[in-house]
Amino acid sequence: MRRFDLNKRFVIFSLLLLAMPFWTQAQTVLKGKVVDEKGDGIPHATIWLENGKGEVADEQGKFTLSQLPKDGKLKISAVGFETLWATWSAGKTSETFTLSSFTSDLKTVVVTGSFEPQSAKQSVYQVRTIGSEVIQNRAPSNIQEVLNTELGIRFSQDNALGSSNMELLGMSGQNVKILIDGIPMVGRQGTSNEININQIDINRIERVEIVEGPMSVVYGADALAGVINIITKSDDAEKFDLKARVQEETVGSEYSPFDGKGSHIRSATGSYRLKNWDFGASFSQNNFGGWKDEKTGRDYEWLPKDQNFLNLKAGWGNEYLNLEYQLDFLDETVFAYGPDARLEVLDQEFITSRWMHRLSGRWDSNTTFGLTWQGAFTDYTRDNETWVSNVRTGEHYQSQAPGANTTIDYNGFSWRMIGDWKIANSFKLQPGIDLNLEEGSGERITDNEGIQDYAVFLSGEWSPFPSIKIKPGLRKSWNSAYDAPALIPSLNTKFALNENLDLRVAYANGFRAPSIRELYFNFFDASHSITGNPDLKAETSNSFNGSLDWKTQLNPTWKISTVLGAFYNDVKDRIAYGQDPSDIQVTTLFNVERYKTAGFTLSHTESFKNLSANLGFSYIGRYNLLSEEQTVVPEMSWTPEVNTNLTYQILPWKTTATLFYKYTGALPGYETIADSDGNPSAKEIMLDGYYWMDISFKKDFGKHLSVNAGARNILDVRQISSTSEGGDAHGGGAQRPVGYGRSYFIGLTYQLNK
Amino acid sequence: MKQYHFLTLTALLAGVTLLSSCGDDDPEPVIVPPTESGLIEVDGGGAEYPNTAFIDLSKGTQTAVARESWDLAFATGSEFKVLINGTTGAMASATGETDINAVSAAGMTSADSAALVLSHTNPIGILHVDNPSDPLSSPIISAVSANDDNNEVYILSRGASAVDAKPLKKIRIIRNGEGYTLQHADADATEFSSVDISKDSDLNFVYFSFEDGIIDVEPGKAAWDIAWSAGTSTTPFPSAPNGTLAYFYQDLIFHNIYGGAAAVEVLEETIAYEAFIEGDAIGLSFNTTDRLSIGSNWRAGGGPNSAPVVKEDVYYVIKDAEENIYKVRFLSVTKDGERGKPSLEFELVSEE
């Protein structure tokens with residue numbers, strides 16, 4: 001997002017560039033080139049002239065100057081490289097400058113939790129980034145395909161609704177804040193509760209940043225397990241940029257070209273820059289034909305789904321102020337075809353439409369104070385329609401039966417404003433306000449006033465020595481609907497033990513707000529008596545995490561890095577179902593349970609010449625609630641995960657080969673069973689582990705065209721078994737869907753920019 | 001999950017109309033040849049399924065009765081047994097007392113109250129209901145003894161499953177010659193009423209309502225073959241006694257085991273519905289003791305997020321009390337997408 005790399009100088013350079021053709025012709029042209037250690041040009045490197053003006057290099061790292069600055073002094077910088085102060089020798093008409101890449105940084109820049117883009121090494125947070133190259137190499141059709149080989153992330157598929165829920169480090173998706181460019185997403189259950197992460201246009205995603213551990217001071221409710229910040233593309237073309245993508249993919253062995261069976265992606269994006277303005281538009285279509293597997297007739301194992309995404313944006317910027325407005329529209333239809341029937345066939349369509357308006361910007365008053373704001377209004381509607389087909393008469397009509405057609409509507413408004421106040425070089429203060437207003441209505445949701453949440457927060461970053469950063473933070477919020485935690489503190493520290501080794505230690509309070517659903521949702525029928533509980537308060541957690549991050553460059557072509565992390569979360573007042581004491585027939589929600597997670601992760605990356613390899617291991621413990629009643633049940637159940645990815649660039653062929661692999665370990669747990677007298681005892685249950693592998697190839701043809709091809713789910717995983725007998729009358733079902741079998745894809749991307 | 005609205009006026013009216021029409025039985029039996037075939041849209045009353053619908057295949061008719069119209073069913077055979085209303089999820093507890101005035105709701109512990117709630121949160125519910133498959137074999141109210149001192153007072157929950165909950169009752173039943181005497185009162189009352197109920201051999205049960213006294217519910221003894229109703233059923237549940245949970249199910253099919261009907265399931269893959277002829281019935285083992293042998297087996301699915309559907313791979317063969325053999329297959333659980341209005345078709349099995 002441009003608002004994050006809002007760099008006033010950059011804008012000036014762009015403007016300069018636009019103006020250049022008019023005054024360069026008459027003058028001597030000085031030709032320069034910026035290259036890396038290997039001699040390859042660094043695209044878009046910035047060449048700063050001493051009078052505050054500058055120049056941006058082109059794709060090959062080449063730039064021209066009309067005249068030399070005073071004394072020939074230049075400053076050259078590029079993302080991921082050490083800034084170089086250089087002198088252009090007088091009299092030379094061409095010059096080459098070599099930048100060295102950050103020795104300890106694999107070019108990673110992060111924005112989550114900070115106010116300006118900064119290198120991952122500098123951030124006090126341990127941020128995991130899935131970069132644009134990884135995303136491009138994988139050619140995913142949705143974001144789940146990017147995240148499902150990440151350590152500590154598990155997806156559970158809800159095939160009845162055609163959606164999926166995510167778990168991060170043993171905590172359910174309700175505890176993970178999903179942000180788009182820092183702005184909370186609204187989903188089926190209200191803000192950030194069980195967001196269906198696949199309702200985001202994959203073609204707009206530049207990179208994904210994952211911060212583990214609570215970020216509630218900055219991001220408020222639900223950032224308890226962590227934050228997934230989806231950074232969208234900024235389309236920083238110099239003048240214009242056009243991009244088109246077509247991808248065809250099988251769904252298991254099911255495929256028909258361009259329509260119907262299989263997965264079909266089409267996307268077109270364009271952006272245009274004119275003086276202080278820039279404009280962009282993009283449209284994507286993602287049609288998933290569903291997966292039948294052994295189902296016959298009209299039934300599907302995985303439901304077909306059509307998604308259309310539209311994005312429009314306009315930005316304006318000058319030296320002091322940058323503003324950007326974006327409109328995102330999602331239209332999604334999931335088709336739940338009822339099975340064949342002898343008389344009446346009932347089909348359901350789940351239609352989601354989401355309008356999201358965003359206004360963001362940054363204002364720099366001077367070098368010591370800047371202001372960043374992000375505002376969003378989201379209108380989310382989910383319709384559930386029932387259609388009747390009479391097999392004997394051939395009639396097809398929408399059912400008018402009570403409850404056959406329902407609508408759930410959520411509106412969310414959020415406004416976050418953060419000041420960035422540099423009091424001294426070693427001390428920065430970041431005050432902020434955060435407003436979140438949400439309203440929900442719909443079938444079975446009792447009338448409510450909505451939820452209004454107002455918060456102020458303050459964090460400071462103090463660096464007593466260059467090697468130490470201490471970032472304490474406090475948040476105070478007021479909530480109209482539930483008891484907000486009084487004061488949310490956090491303390492993040494980073495110690496550069498030596499040039500290559502960083503230690504981060506953090507403590508934070510996190511909280512998860514009760515959702516509109518948990519507060520106000522009522523459901524009564526023959527076998528259900530469920531009410532929401534408007535008296536719920538927030539779940540809170542105490543969380544500790546730490547990491548050791550060692551990065552070094554053994555020689556110019558060999559870099560290695562290792563990250564060892566550990567975490568412990570202790571959640572109080574977890575919201576869980578129980579019997580209403582005033583009417584035992586009614587099930588409602590209470591702040592009763594306790595929950596804990598603990599674990600460690602180890603990740604090692606080597607980058608040697610054209611090969612980059614990563615190997616990761618995690619061991620995550622999840623709390624067994626039954627251990628409070630049954631002494632035979634251990635407090636925690638542990639699950640291992642192993643992942644690896646390999647990327648090899650075959651330079652002569654302009655081809656990149658990538659392999660992703662993950663082993664997700666078996667997930668143990670305990671459930672209650674009763675003997676014939678009704679006495680409860682505990683039984684260990686196990687959800688099987690599984691292996692996942694994707695391979696993809698990307699080949700560039702010339703400057704504009706690239707082709708992706710590969711296979712996903714090579715090990716052909718479909719479902720995994722659980723030994724659970726099901727803790728409720730619905731029966732959990734022994735088989736859990738994981739994938740739809742081995743699939744193949746081929747895609748074309750065409751990009752033209754100037 | 002399908003979403004259910006509250007009882008619609010039409011559904012109510014339909015229930016009432018059919019209730020009032022069930023006294024129209026023809027008094028003079030005329031030999032009428034059995035109906036050959038038909039399609040019945042079962043009048044379950046709609047999305048809140050307020051009715052039990054009794055279906056007589058040989059006449060091609062149905063009789064719909066509001067589930068909550070009755071409270072107790074008194075057996076008319078040689079035994080002295082009384083059933084509670086499983087179609088509303090009624091439950092009962094023995095009190096150990098024989099003096100009805102000595103029993104009061106105030107004396108109940110919260111555990112006593114909790115036991116009388118039909119819910120998956122009450123795993124011991126199975127210990128407080130009539131056996132859903134064959135209620136006369138093990139009713140929750142013990143067989144009425146000739147010795148009055150053996151006849152305990154019961155606390156009765158009149159059922160709150162898809163009907164409005166009503167206050168608890170206390171009841172005691174004693175013999176009255178060849179009939180019964182029912183003592184009943186609100187559970188917190190200090191006085192009680194008595195009503196004499198005699199057996200009627202034309203019926204399987206004599207039905208009693210606390211509001212309306214003796215009422216017509218079930219058509220004559222053999223005047224129905226199968227009934228569609230919501231009602232108490234059972235489902236495997238590990239944390240319940242013997243792994244069985246009493247569970248309220250909205251699409252049960254009973255067959256009239258006390259009126260001489262027999263039923264058996266046939267797989268399409270064994271013999272196709274169209275091809276089934278009388279000779280094929282010979283080898284089938286008809287069930288005459290478990291009224292839930294069709295039960296919930298005729299439909300499938302129906303999880304938290306999916307609507308149930310009729311099973312396409314099975315049909316049923318029903319033998320009525322006159323030995324007419326019908327093949328019956330269910331067509332739909334809905335009418336125009338509305339639950340509680342299933343349909344079925346049937347055909348008299350031909351000789352060849």
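In what order do the 4 strands of the open sheet with antiparallel pairing in chain B lie? The order is 3-2-13-14, and the pairing between these strands of chain B is antiparallel. The model discussed here is a predicted one. Strand 3 (61-66) and strand 14 (244-255) of chain B form the edges of this sheet, each of them pairing on one side only. From one strand to the next, the twist averages 35°.

Within this sheet, strand 2 (residues 51-56) of chain B runs antiparallel to strand 13 (residues 226-236) of chain B, and the two are paired over 3 bridges. Ile55(B) has Ile226(B), a residue of strand 13 of chain B, standing opposite.

Chain B also contains an open sheet of 5 strands, again with antiparallel pairing, in the order 1-20-19-18-15. Its edge strands are strand 1 (37-41) and strand 15 (262-267) of chain B, each of which pairs on one side only. Here the twist averages 25° from one strand to the next. Strand 19 (residues 325-335) and strand 20 (residues 338-348) of chain B are joined in the antiparallel sense over 8 bridges. In strand 20 of chain B, Leu344(B) is the residue that stands opposite Phe330(B).

From the sheets, the description turns to the nonpolar cores. The largest of these comprises 93 residues, and Phe74(B), Val82(B) and Ile318(B) are the residues with the most contacts inside it. Strand 14 of chain B supplies the largest share of this core, namely 8 residues; the same strand is an edge strand of the sheet of 4 strands.

The surroundings of Ile318(B) can be described residue by residue. When neighbours within four places in sequence are left aside, Ile318(B) is in contact with Leu57(B), Asp225(B), Ile226(B), His255(B), Ala261(B), Ala263(B), Tyr326(B) and Val328(B). Among these partners, Ile226(B) is the residue that Ile55(B) faces in strand 13 of chain B, and His255(B) belongs to strand 14 (244-255) of chain B. Ala263(B) lies in strand 15 (262-267) of chain B, while Tyr326(B) and Val328(B) lie in strand 19 (residues 325-335) of chain B. The contacts of Ile318(B) thus include residues from strands of both sheets.

Apart from the largest core lies another core, of 56 residues, which includes Val110(A), Ala221(A), Ala225(A) and Phe457(A). Chain A itself is divided into domain 1 (8-98) and domain 2 (231-753). The centres of these two domains of chain A, taken over C-alpha atoms, are separated by 41 Å.

Definitions and conventions
Residues numbered from 1 in each chain as written. Chains lettered and ligands numbered in written order. Predicted model: local features only at pLDDT ≥ 70, side-chain atom pairs only at ≥ 80, totals over all residues. Pairing = 2+ DSSP bridges. Axes fitted to C-alpha atoms, helices over the stretch in contact; angles between N-to-C directions. Domains from an automatic or database assignment. Core = buried A, V, L, I, M, F, W, Y, C linked by C-beta atoms within 7 Å. Buried ≥ 20, exposed ≤ 12 C-beta atoms within 10 Å, placed from the backbone. Contact = placed C-beta atoms within 7 Å.
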